[in-house]
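Work through these exercises with the structure open beside you. Try each task before you read its solution.

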Amino acid sequence: MPGAKEKVCRVCKRIVVGNECDNCGSTNLTIRSSGLIIVVDPEKSEIAKELGLKKAGAYATKI
Ligand SMILES: [Zn+2]
C-alpha cells in the first residue's frame, strides 16, 4: 500500500495501518512512536502479559 503510514493506537499501543485499530476498534491514533515489540504468542510472552496484550502483532513500547 504505497503512501500508507503506520500509526500507533493510543489505547492499546498496537501498530495500525489505516485509520482504525484492528485490535480495539479505536480511532485514537498517533503517528509518533518509539520502540517496537512484536508479539508472536501472547500467551507465552511475558512482555505481552505485562502490557496486557492479548493479540499477536506489532506494538509500540512508548507513544
Ligand atoms: Zn487499539
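Helices, of at least four residues, and strands, of at least two, are DSSP runs numbered from the N terminus. Keep in mind that this is a predicted model.

**Exercise 1. The order of elements**

Task: Write down the order of the elements of the protein chain from the N terminus on.

Solution. Start with the count: the protein chain has 1 helix and 5 strands. Now read from the N terminus: the order is β-β-β-β-α-β. The helix α1 covers 46-51, and β4 covers 34-39.

**Exercise 2. Confidence**

Task: Find where in the protein chain confidence is lowest and where it is highest.

Solution. Begin with the whole chain. The mean pLDDT is 87, and 92% of the residues reach 70 or more. Then go element by element. The lowest confidence is in β4, with a mean of 87. The highest is in β3, at 94. A general caution applies: where pLDDT is low, predicted coordinates should not be read in detail.

**Exercise 3. Overall shape**

Task: Compare the radius of gyration of the protein chain with the value for a compact globule.

Solution. Take the expected value. A compact globule of 63 residues would have a radius of gyration near 11 Å. Next, take the value for the protein chain: 11 Å, which agrees. Add the spans: along its principal axes, the C-alpha trace covers about 35 × 20 × 20 Å. Finally, look at burial: 21% of the 63 residues are buried.

**Exercise 4. The sheet**

Task: Work out which strands stand at the edges of the open sheet.

Solution. First, set out the order. The 3 strands lie as β2-β1-β3, with antiparallel pairing. Each of β2 and β3 has a single partner strand, so one side of each is left without a neighbour in the sheet. These two are therefore the edge strands.

Now check the pairs. β1 and β2 are joined by 3 bridges, and Val8 stands opposite Ile15 in β2. β1 and β3 pair over 2 bridges. Here Cys9 has Leu29 in β3 as its bridge partner.

**Exercise 5. The nonpolar core**

Task: List the residues of the largest nonpolar core, then name the elements that give two or more residues to this core.

Solution. The core has 10 residues: Val8, Cys9, Cys12, Val16, Cys21, Leu29, Val39, Ala48, Tyr59 and Ala60. The elements that give two or more are β1 and β5 (57-62). The general trend is that in soluble globular proteins, nonpolar side chains tend to be buried together.

Follow one member. Beyond its neighbours within four places in sequence, Leu29 contacts Lys7, Val8, Cys9, Arg10, Val16 and Cys21.

**Exercise 6. Buried or exposed?**

Task: Sort Lys5, Arg10, Lys13 and Asp41 into buried, partly exposed or exposed.

Solution. Use the cut-offs: 20 or more other C-beta atoms within 10 Å means buried, 12 or fewer means exposed, and anything in between means partly exposed.

- Lys5 has 10 C-beta neighbours inside 10 Å, so Lys5 is exposed. This residue sits in the segment before β1 (6-9).
- Arg10 has 16, so Arg10 is partly exposed. Arg10 lies in the loop between β1 and β2 (15-17).
- Lys13 has 24, so Lys13 is buried. Lys13 is also in the loop between β1 and β2.
- Asp41 has 8, so Asp41 is exposed. Asp41 belongs to the loop between β4 and α1.

**Exercise 7. An unusual angle**

Task: State what sign phi of Lys13 has.

Solution. Recall the rule: most residues other than glycine have a negative phi. Now look at Lys13: its phi is near 70 degrees, a positive value. Then place it. Lys13 belongs to the hairpin of β1 and β2, which has 5 residues between the strands.

**Exercise 8. Sequence and space**

Task: For Lys5 and Ile37, give the separation in sequence and in space. Do likewise for Arg10 and Ser45, and for Asp41 and Lys54.

Solution. Go pair by pair, from C-alpha to C-alpha.

- Lys5 and Ile37 are 32 residues apart in sequence and 18 Å apart in space.
- Arg10 and Ser45 are 35 residues apart in sequence and 21 Å apart in space.
- Asp41 and Lys54 are 13 residues apart along the chain and separated by 8.8 Å.

Note on methods: Residues numbered from 1 in each chain as written. Predicted model: local features only at pLDDT ≥ 70, side-chain atom pairs only at ≥ 80, totals over all residues. Rg over C-alpha atoms; globule rule 2.2 N^0.38 Å. Pairing = 2+ DSSP bridges. Core = buried A, V, L, I, M, F, W, Y, C linked by C-beta atoms within 7 Å. Contact = placed C-beta atoms within 7 Å. pLDDT = per-residue confidence, 0-100.
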